[in-house]
Amino acid sequence: VVSMGLASWTLGQVLGMYPVETAIGAGMINNSMGGTGNIAVLSAADRMEMIAFAQMANRLGGAIVLILGGILIQFLH
């Protein structure tokens with residue numbers, strides 16, 4: 001979680017985005033436990049206005065992990 005938060009913070013700075021929001025969005029939300037975790041992370045950070053992005057990131061991130069896992073299992077099995 002810490003490494004994803006720091007990596008997204010740095011990438012946000014490089015791309016000219018707000019580093020705190022990118023660290024919360026990419027680093028913390030994608031490592032939370034779904035909708036409940038999104039609410040916990042965003043309420044602790046006082047950024048509840050990002051809830052729509054958090055839900056979208058969780059769904060897309062989960063789909064990407066499943067697709068990559070399906071591809072990698074063919075090579076590792």
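Here are three short exercises, with worked solutions, on a predicted model.

**Exercise 1.** Find which side chains meet in a salt bridge, and work out which parts of the chain the pair ties together.

*Solution.* Start with the count, which comes to 1 salt bridge. The partners are Glu21 and Arg47, whose side chains meet at 2.8 Å, N to O. That fits the cut-off of 4 Å between a side-chain nitrogen of Arg and a carboxyl oxygen of Glu. Next, place the two residues: Glu21 sits in helix α2 (residues 19–28), while Arg47 is in the loop between α3 (35–44) and α4 (51–76), so the pair ties together parts that are 26 residues apart in sequence.

**Exercise 2.** Decide whether Glu21, Arg47 and Asn58 are buried, partly exposed or exposed.

*Solution.* You'll need the limits: buried is under 20% relative accessible area, and exposed is over 50%, with partly exposed in between. Glu21 comes out at 25%, so Glu21 is partly exposed. Arg47 has 22%, which makes Arg47 partly exposed. Asn58 has 18%, so Asn58 is buried.

**Exercise 3.** Work out what the buried residues of α2 pack against, and what Asn58 touches.

*Solution.* Take α2 to begin with. Its buried residues are Pro19, Thr22, Ala23, Ile24, Gly25 and Gly27, and they pack against α1 (2–14) and α3. Now move to Asn58, which lies in helix α4. Leaving out residues up to four places away in sequence, Asn58 touches Ile29, Asn30, Ser32, Gly34, Gly35 and Asn38. With Asn38 there's also a polar contact, side chain to side chain, at 2.9 Å.

Notes. Residues are numbered from 1 along each chain as its sequence is written. This is a predicted model: local features need pLDDT of at least 70, side-chain atom pairs count only at pLDDT 80 or more; totals for chains, interfaces and linings use all residues. Side-chain values use heavy atoms; hydrogens and water are left out. Helices (H or I, at least four residues) and strands (E, at least two) are DSSP runs, numbered from the N terminus. Buried means under 20% relative accessible area, exposed over 50%, partly exposed in between (1.4 Å probe, protein chains only). Contact means heavy atoms within 4.5 Å. A polar contact is a pair of N or O atoms within 3.5 Å; within protein, one must be able to donate a hydrogen and the other to accept it, and residues adjacent in sequence count only if both atoms are side-chain atoms.
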